[in-house]
Every structure is written in C-alpha cells, then in structure tokens.
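Thanks for coming. I will walk through one structure this morning, a piece at a time. Please have the sequence and the 3D view open.

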Amino acid sequence: MNSEIHRTVLDNGIVVLAAENPAADIIAARIFLRAGSRCVPAKLAGLSHLLAAVLTKGTEKLSSQEIAECVESVGARLSADASSDYFLLSLKTVSADFAEILELAGQLLRSPTFPEAEVDLERRIAMQAIRSQLEQPFAIAFEQLREVMYEDHPYAFSTLGTEATISQVSRADIQYYHQTYFRPDNVVISLAGRIKAEAAIALVTKVFGDWQAPATPLPRLSVAPISTNPRLTVTPQETQQSVVMLGYLTPEVNHPDYAAMKLLSTYLGNGLSSRLFVELREKRGLAYDVSALYPTRIDSSQFVVYMGTAPENSAIALEGLQSEVERLAAAPLTSEELQACKNKMLGQYALGKQTNSQIAQVLGWYEILGLGIEFDQKFQTDITAVSADFAQEAACRYFIEPYISLVGPAAAVNQLGV
C-alpha cells in the first residue's frame with residue numbers, strides 16, 4: 001500500500017483508519033467489530049451469521065425495502081458478514097454518495113429492529129444451506145475435522161452453525177448479542193478511496209461521534225482450551241470420489257512461527273506449481289483436487305491438506321498426503337524452493353491490496369485482530385526473513401501426528417481398516 005494511512009481514535013473509542021487513494025472515484029469502507037462466531041456459545045452456533053443476514057432488514061427509521069432502495073438507487077454495495085473472529089459491514093460507493101451510505105450503515109449498526117418474520121425467513125434459508133452442505137463430501141470432511149480438532153472451542157463450528165443450534169437461536173438472542181458487542185469501543189472503521197483523511201475522519205465523527213458506549217465493560221471472552229488428541233474420523237457416503245483430509249493444530253496469527261507456516265502452506269498447496277499439485281496430481285495422477293490451507297486466527301489455527309480422489313485410491317492418497325507433510329519436517333526446503341515460494345507469496349500479497357476495497361479490508365482486518373496497521377509491513381519482512389532451517393524447525397514442531405478425516409464409499413473406508 002503506497003497510500004499514507006491515518007489512524008485516529010474517536011472520543012467514544014471507535015478506531016478510524018483512513019487511506020486516500022484518488023486513482024478512482026470510489027470510496028470503500030469496512031466496519032469491523034470484535035465479535036463473530038468466536039463470541040457465540042456452542043448451543044447457539046450460527047447466531048452471528050443469522051444476525052448478519054437480518055441486520056439489513058430494518059431499522060427504527062427504515063424498512064427492509066427502503067434500505068434496499070437506498071443502496072440500489074445509487075448503485076452502491078452494502079453487505080454484512082460474520083467470520084470466526086469478527087463481524088463485518090462492508091460498503092462501497094462513488095465518492096458523491098459515500099456520506100449517504102455511511103449514514104445508512106450507522107443506522108444499521110446502531111438501531112436495527114431484527115423483524116421477527118425476517119429472522120424466521122433467514123433461519124430457514126440458513127438451515128437449507130446447512131442441509132446443502134451435508135450433501136457435499138468436502139464440507140462434511142472439513143466439518144468433522146474441525147469438530148474433533150476444536151471440540152468445545154467455538155472454532156469447532158462453521159459460522160452457519162448446525163440445524164440443531166440455528167433452530168434454537170431466537171430474536172431475543174440476536175438482540176442480546178447485538179446489545180453486548182455492537183458498541184463504539186468495539187469498532188474499527190477503515191476507509192480507502194477518493195477522500196482526504198481529515199474529511200474521512202470528520203465524516204465518521206459526524207455519523208458515529210454521538211454513539212456512546214454503555215457503562216458496563218465488554219464481557220471477558222472465556223473459550224475452552226484447545227488440546228491435541230489426533231484421531232481418525234470417517235463418514236461413509238456413496239459418492240463418486242473420496243475426500244481425504246489431514247489436519248494439524250498450528251499457531252495463531254501473533255505467534256513467531258506464523259510466517260513460516262504461511263510459507264509452508266503456500267509451498268504445499270497454493271496453485272498449479274505447488275508441491276502437492278505437481279507430485280500427487282501431475283506425476284501420480286491421484287488427485288481430482290488437492291490443496292492446503294492455513295487460516296489466520298486469533299486462537300490456535302489449523303493446517304489442513306486435502307485431496308479428492310477415486311475411492312479405490314483412498315489409502316494411497318492418505319499415504320501420499322502424509323508423506324509430503326512429513327517431508328517438510330525431515331529435510332529443509334532448497335534455497336530455490338524457498339525463494340520461489342517467497343516470491344509467489346509476496347507477489348500474491350501485493351496483488352491483494354490494489355483496490356480500495358482490498359486496502360480497507362487489510363487495514364481494518366489487522367487492526368481488529370489486534371496486530372495494528374504496522375503488521376502489513378511486518379508480515380512482508382517476516383516472510384522475507386524465514387530461513388529454510390527455521391521453516392523445517394517449525395514443521396517439526398507441528399507436523400507430528402495428524403487428525404484424519406475421510407468421506408467416501410464404504411469400500412474406501414474399509415481400505416483404512418475402519
């Protein structure tokens with residue numbers, strides 16, 4: 001990001017991040033709250049998703065239809081979303097309409113009405129989405145892997161929750177969650193586009209400056225500790241392919257090993273030149289789909305490698321995935337492999353910060369995670385500094401024994417001796 005970033009804290013606790021980027025007549029904003037599914041009790045998993053779905057369905061002054069017309073009449077974009085570690089309201093408009101849409105965002109955050117009929121409708125839609133996922137082998141494999149890895153921690157559930165939990169979420173639960181976490185001292189607003197930083201801060205102050213935090217402090221979040229207990233979980237399903245998945249508990253975003261683990265994830269499973277794609281798909285023909293992922297999380301994350309393969313290849317696929325992960329602990333990457341991986345990762349990182357929406361997202365994301373906007377440069381420096389030996393040492397610390405998740409026909413399950 002070449003734009004100068006201005007950070008200020010309003011009297012009510014709202015953190016404002018502003019980056020002027022006059023290249024296009026567009027302003028994008030991201031309004032983050034320290035909330036998300038991490039703050040939801042297990043019995044109500046899916047609550048934050050449901051809140052996001054109904055947030056735009058009515059305020060004390062506007063109906064759902066009036067909100068939609070306000071946004072669409074000027075060609076703006078406005079949406080709400082809930083992730084594991086935060087809640088997000090996103091907006092983008094041409095510069096001339098930004099003040100109007102930001103004012104609307106202020107109403108949505110501060111005085112939503114959560115109409116009962118809309119809650120019921122969105123609950124049914126969420127339950128349909130959950131049922132749809134139960135027909136997808138990858139979704140099933142990932143869900144059961146997540147549940148055994150995190151057990152009683154909120155990360156055990158998707159943001160959608162389950163049919164059992166989402167059916168228990170009431171309008172009163174949504175209102176209580178909103179009253180608890182939607183407060184100015186829990187908000188980060190990041191803006192990027194054709195607007196001076198001073199004007200952006202003044203506009204946010206005008207819309208949100210009179211929003212006062214309640215006297216009660218934010219609740220201390222108490223989440224279950226995450227312990228390691230690797231095991232195999234299977235779901236027999238008569239599908240045309242098996243999904244084989246390995247998972248390892250790995251460090252959170254502020255851990256010294258974070259950069260090294262991001263590099264190893266990129267090396268193993270990012271793109272057509274990745275180790276898993278070349279070795280297991282191109283050379284051995286085992287995989288329909290193969291990749292790796294390592295999400296950025298406030299609490300312990302998970303390093304996952306997975307493959308979709310023919311059912312008769314399930315055991316071989318498991319062996320192939322495990323041997324490729326264990327190889328990272330057995331020997332360091334070559335200097336050529338390491339440098340190519342760094343170049344790929346830093347190049348993709350730079351390309352992910354080109355638009356105003358991307359800039360606003362990155363700035364607010366780092367701030368809401370507690371890393372600060374300086375993490376943008378720190379992350380790149382940390383990636384550059386990772387040595388082959390350090391990456392191998394990190395692999396040795398975490399790639400010991402995997403959690404294994406398998407979804408496929410009974411014959412595939414039998415291959416693993418289950």
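How many of the eight residues of strand E3 are buried? Seven are, so by the cut-off of under 20% relative accessible area, strand E3, residues 26-33, is mostly covered. Before I go on, please keep in mind that this is a predicted model.

Let me stay with E3 and its partners. On one hand there is strand E5, residues 87-94, which pairs with E3 in the antiparallel sense over eight bridges. On the other hand there is strand E6, residues 187-193, which also runs antiparallel to E3 and is joined to it by seven bridges. Ala 28 is a handy residue to click on here. Its bridge partner in E5 is Lys 92, and its bridge partner in E6 is Ala 192.

Next, the open sheet. Five strands make it up, in the order E7-E11-E8-E10-E9, and the pairing is mixed. Which strands stand at the edges? They are E7, residues 232-236, and E9, residues 287-293. Each has a single partner strand, so one side of each is left without a neighbour in the sheet. From one strand to the next, the twist averages 10°.

Within that sheet, look at E8, residues 242-250, and E10, residues 301-309. These two pair in the antiparallel sense, over nine bridges. To find the register on your screen, take Val 243, which stands opposite Gly 308 in E10. A helix packs on this sheet as well: H5, residues 137-150. H5 touches E7, E8, E9, E10 and E11, the last of these being residues 403-408. The direction of H5 makes about 30° with that of E8.

Now to helix packing. Two packed helices are described by the angle between their axes and the distance between the axes. I have two pairs to show, and helix H11, residues 314-330, takes part in each.

The pair to start with is H9, residues 258-269, with H11. Their axes come within 12 Å and cross at roughly 135°. That angle makes H9 oblique to H11, since roughly antiparallel would need an angle over 145 degrees. The crossing is right-handed. Which residues make the contact? From H9 they are Leu 264, Tyr 267 and Leu 268, and from H11 they are Glu 324, Val 325, Arg 327 and Leu 328. Sorted by class, the contact of H9 with H11 has five nonpolar residues, two charged ones and no polar ones.

The other pair is H11 with H15, residues 388-398. Here the axes come within 7 Å and cross at roughly 125°, which again makes the arrangement oblique. On the H11 side, Leu 328, Ala 329 and Ala 330 meet Gln 392, Ala 395 and Cys 396 of H15. This contact of H11 with H15 has five nonpolar residues, one polar residue and no charged residues. Note that Leu 328 is in the contact with H9 and also in the contact with H15.

While we are on H11, look at Ala 315, which lies in that helix. Is Ala 315 buried or partly exposed? Its relative accessible area is 27%, so Ala 315 is partly exposed. The C-alpha atoms of Ala 315 and Val 413 are separated by 8.8 Å, with their positions 98 residues apart along the chain. Not counting residues up to four places away in sequence, Ala 315 touches Gln 415 and Leu 416.

Last, a few loop residues. Phe 114 sits in the loop between helix H3, residues 98-110, and helix H4, residues 116-133. Phe 114 is not a glycine, yet its phi is positive, about 50°. At 2% relative accessibility, Phe 114 counts as buried.

Glu 151 has a positive phi of about 50° and is not a glycine either. Glu 151 is in the loop between H5 and helix H6, residues 163-166. With a relative accessible area of 37%, Glu 151 is partly exposed.

Thr 56 is in the loop between helix H1, residues 47-54, and helix H2, residues 64-72. Its relative accessible area is 19%, and so Thr 56 is buried, the cut-off being under 20%. Which residues does Thr 56 contact, leaving aside neighbours within four places in sequence? They are Ser 64, Ile 67, Leu 78 and Leu 108.

That is the end of the tour.

How values were computed. Residues numbered from 1 in each chain as written. Predicted model: local features only at pLDDT ≥ 70, side-chain atom pairs only at ≥ 80, totals over all residues. Heavy atoms only, no water. Pairing = 2+ DSSP bridges. Helix = DSSP H or I, 4+ residues; strand = E, 2+ residues; numbered from the N terminus. Axes fitted to C-alpha atoms, helices over the stretch in contact; angles between N-to-C directions. Contact = heavy atoms within 4.5 Å. Parallel < 35°, antiparallel > 145°, perpendicular 65-115°, else oblique. Left-handed = near helix turned anticlockwise from the far one by under 90°. Nonpolar A, V, L, I, M, F, W, Y, C, P; charged D, E, K, R; others polar. Buried < 20%, exposed > 50% of the residue type's maximum accessible area, 1.4 Å probe, protein only.
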